[in-house]
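Let's take a walk through the metal sites of this one. Have a look at the model first, and then we'll go through it piece by piece.

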Amino acid sequence: MRQGGGVRIDLHTHSSVSDGTDTPAALLTEAAAAGLDVVALTDHDTTAGWGPAGDARPPGLTVVPGMELSCRWFPDDQPPISVHLLAYLFDPLHPAFVTERARLREERLSRGERIVAALAADGHPVAWEQIVERSGGGVVGRPHIARALVDAGVVASVDEAFATLLHHRSPYYAAKADTHVLQGIALVRAAGGVPVFAHGLARSRGRVVDDAAISAMVGAGLLGLEVDHPDHTAEERAHLRGLAAEHGLLTTGSSDYHGSNKQTPIGACTTDPAQFEALEAAATGTSVLRD
Ligand code: AMP
Ligand code: FE
Ligand code: FE
Ligand code: ZN
């Protein structure tokens, strides 16, 4: 614990291993500089940052190996809804989970290529090969396409790229065949991890699921809800807190830091230490990295 304040815990960040801009090492430096005591690395669909983060961990900083799994919920009467599942402290070698992550990364490549082809066909000067090259072997997502649009002078910022060309209702948008969220939850649990529904009611990001969907997720083994997230309004947080109490779920808070791909600073929202303790106690797949 740091002098003059409580323990500060941020359980959701992205490095350059997926669509953040800091290397895992730089992200940990940033976390320590921001006065965090605990930080989770939760890149999209990959654990490739765990090793580098373990090697670079500054003394005094606790690092939680995690991931954000790309999932979908299938409502009865509407198209699938994109949902993100945070997964903490799972066994990174669990075979079925390894296979599913690899499938998702392949899916990202074919879908990214389709988005870029549609943009290029309309005269936007972006090239898929360059985007893949710039990702440096990391997991490719729309933020990489947004960067390319900024570099080409089409838009002034990543935010503008999302607001104009890359949002989910854009004619250029293509969906991915993400994991069924109930299957994702089961995989995380089978691998000894702790599944937490990420930014579950953030309407600014697109359509969101109803309470019945969250009940179904609880039935499949969901253990927590991310409540304090920069994209949640006060009302959305209150509703999620109520659901967590009703279902006996733990609650988390985080920044969803993406380096300079987003405005949000690391540590913008944080997790209650008692909730983090419960999360760690529920995991059997991997250990937290600490002094
Ligand atoms: P994808 O996983 O390829 O569908 O892209 C989704 C990612 O884009 C999210 O994880 C965020 O990192 C990023 N993103 C979504 N909306 C925005 C936005 N308005 N501004 C910047 N980044 C965004
Ligand atoms: Fe992201
Ligand atoms: Fe997310
Ligand atoms: Zn995220």
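D19 and H258 are both buried, where buried means under 20% relative accessible area, exposed over 50% and partly exposed in between, using a 1.4 Å probe and protein chains only. Keep in mind that this is a predicted model, in which local features need pLDDT of at least 70 and side-chain atom pairs count only at pLDDT 80 or more, while totals for chains, interfaces and linings use all residues. As for bookkeeping, residues are numbered from 1 along each chain as its sequence is written, chains are lettered from A and ligands numbered from 1 in the order in which they are written, and side-chain values use heavy atoms, with hydrogens and water left out.

So what holds the iron ion (ligand 2)? Its coordination comes from D19 (OD), D19 (OD), H44 (NE2) and H258 (NE2), at 2.1 to 2.8 Å. Donors here are N, O and S atoms within 2.8 Å of the metal (3.2 Å for Na, K and Ca), and water is not among the atoms, so sites may look incomplete. Along the sequence, the donor residues of the iron ion (ligand 2) read D-x24-H-x213-H. That pair of D19 and H258 ties together distant parts of the chain: D19 sits in the loop between β1 (9-10) and α1 (24-33), and H258 in the loop between β8 (250-253) and α10 (273-282), 239 residues apart. Helices (H or I, at least four residues) and strands (E, at least two) are DSSP runs, numbered from the N terminus.

This iron ion has company. The iron ion (ligand 3) is 5.6 Å away from the iron ion (ligand 2), and the zinc ion (ligand 4) is 4.6 Å from the iron ion (ligand 2).

Now to the zinc ion (ligand 4), which is coordinated by H12 (NE2), H14 (NE2), E68 (OE) and D256 (OD), at 2.1 to 2.3 Å. The spacing of its donors along the chain is H-x1-H-x53-E-x187-D. H12 counts as buried because its relative accessibility is 0%, and H14 is buried as well, with a relative accessible area of 0%.

D256 deserves a second look for its backbone: phi is near 55°, a positive value in a residue other than glycine. You'll find D256 in the loop between β8 and α10, and at 2% relative accessibility D256 counts as buried.

Away from the zinc donors, check L89. L89 has a positive phi of about 60° although it is not a glycine, and its place is the loop between β4 (81-88) and α3 (95-121).
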